[in-house]
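Here's a quick walk through one model, written for someone who'd rather be at the bench. Have a look at the sequence and the fold, then read on.

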Amino acid sequence: MHPRRALLYMPGDDWKKITKALTLGVDSICMDMEDGVAASRKAEARQTIAKALQELDFGASEKLARINAVGSGWEKDDMAAVLPYRPDGIVIPKLESSDQIQWAHDILAGAELSHGWPLNSIRMLVGVETAKGILNLKEIAAHPRLDAIIFGGEDFAASIGATRTPEAVELLYARQAVIVVCAAFGLQAIDIVTIDFKHPDRVRAEAEFGARLGYAGKQVIHPAQVGPVQSAFTPDEEAIAQARQIVATFEASQKEGRGAYALDGNMIDMPLLKNAQKVLARARLRE
Ligand code: COA
Ligand code: MG
């Protein structure tokens with residue numbers, strides 16, 4: 001699966017921001033047709049994204065397009081405008097049910113068939129950011145087309161009538177529910193946007209907290225957020241060294257017939273080994 005430590009949005013009608021995104025070394029570039037684009041500019045965004053997909057070299061960055069929500073009335077034309085130019089994936093916001101995934105899957109499969117592209121090669125990422133979406137997480141997560149669930153904090157707060165705070169305690173239940181379901185179904189979990197883009201310390205702290213919760217990456221909205229976020233989701237040298245030591249000593253202790261043993265004053269057993277293996281897998285993704 002493509003690493004998505006940072007998933008950078010920009011309004012799909014803003015050619016300058018799309019080209020700027022190509023210079024940032026960001027894991028994923030998501031050209032938006034939804035809330036980043038005014039209602040009067042949807043057609044412009046579709047055309048601009050189609051042109052970008054045809055003409056620009058995205059290098060190692062993933063190229064994604066976010067359509068409007070299923071039921072908005074815009075979603076069909078959004079899909080039709082960008083699919084012929086083969087984005088790596090489609091992001092569907094405010095997703096609430098497996099029917100909506102199935103709708104999108106059928107359109108993606110139709111495009112793949114008509115162009116001779118492998119079935120399921122266009123990946124799907126869904127935004128879960130409403131009360132109904134959180135309630136239906138299990139049925140949503142089961143679809144094989146899916147790579148990732150993106151948790152939208154601002155929309156979710158609006159959906160339940162919560163007041164956003166810098167600590168985001170009002171989001172914690174839903175934010176963790178997304179992680180649990182992603183872990184159970186082998187999906188990436190992608191965390192909330194830090195809307196205060198002028199203070200890199202804020203986004204760094206929020207990204208580090210998200211990584212500790214178990215998120216694989218975070219949505220970003222400004223170039224200054226890319227570096228701090230990608231480094232927060234990359235295990236540092238200390239974490240890698242610690243994980244390697246656990247893996248090495250665990251094998252030795254198993255051979256000696258001990259399931260649990262002491263390392264630097266800490267008890268090590270199977271769950272710590274699994275965690276260490278996850279750290280190393282995450283580190284390998286970045287190589
Ligand atoms: N992607 C790519 N480039 C971006 C960018 C983004 N999301 N946001 C800003 N930039 C570029 C600007 O074009 C500018 O480029 P330049 O130096 O070559 O002229 C540079 O980064 C600095 O931008 P800055 O002046 O600090 O920001 P701004 O006032 O132009 O824009 C926002 C602020 C919030 C409007 C803008 O960051 C943005 O549009 N973010 C994405 C919004 C979005 O897509 N929302 C929907 C999903 S949540
Ligand atoms: Mg949203």
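What follows covers a central strand and its neighbours, a pair of packed helices, and two spots elsewhere in the chain.

First, the small print: this is a predicted model, where local features need pLDDT of at least 70, side-chain atom pairs count only at pLDDT 80 or more, and totals for chains, interfaces and linings use all residues. Residues are numbered from 1 along each chain as its sequence is written, chains are lettered from A and ligands numbered from 1 in the order in which they are written, and side-chain values use heavy atoms, with hydrogens and water left out.

Helices (H or I, at least four residues) and strands (E, at least two) are DSSP runs, numbered from the N terminus. Let's start with strand β4, residues 89-92: Gly 89 and Val 91 point one way, Ile 90 and Ile 92 the other, and all are buried. Buried here means under 20% relative accessible area, exposed over 50%, and partly exposed in between, using a 1.4 Å probe and protein chains only. In a regular strand, side chains alternate between the two faces of the sheet.

β4 has these strand partners (two strands pair if DSSP finds at least two bridges between them):

| Strand paired with β4 | Bridges | Direction | Facing residues |
|---|---|---|---|
| β3 (residues 62-66) | three bridges | parallel | Arg 66 opposite Val 91 |
| β5 (residues 123-128) | four bridges | parallel | Met 124 with Ile 90 |

How does the chain get from β4 to β5? It crosses through helix α4 (residues 98-115), in a right-handed β-α-β crossover. Right-handed means that, with the strands pointing away from the viewer, the path from the first strand over the helix to the second runs clockwise. β3, helix α3 (residues 75-82) and β4 also make a right-handed β-α-β unit.

Now for the two helices. α3 and α4 pack at about 25°, with their axes 11 Å apart, so they're roughly parallel (angles under 35 degrees count as that). At the interface, Glu 75, Lys 76 and Met 79 of α3 meet Trp 103, Ala 104, Ile 107 and Leu 108 of α4, where contact means heavy atoms within 4.5 Å.

Elsewhere, Gln 47 sits in helix α2 (residues 42-55) and is exposed, at 54% relative accessible area. Gln 47 and Ile 240 are 193 residues apart in sequence and 44 Å apart in space, C-alpha to C-alpha.

Helix α10 (residues 223-232) has buried residues including Val 226 and Val 229. Their cover includes β1 (6-11), α9 (200-213) and β8 (217-220).

Conventions: Axes are lines fitted to C-alpha atoms, for helices over the stretch in contact, and angles run from 0 to 180 degrees between N-to-C directions. Angles under 35 degrees count as roughly parallel, over 145 as roughly antiparallel, 65 to 115 as roughly perpendicular and the rest as oblique.
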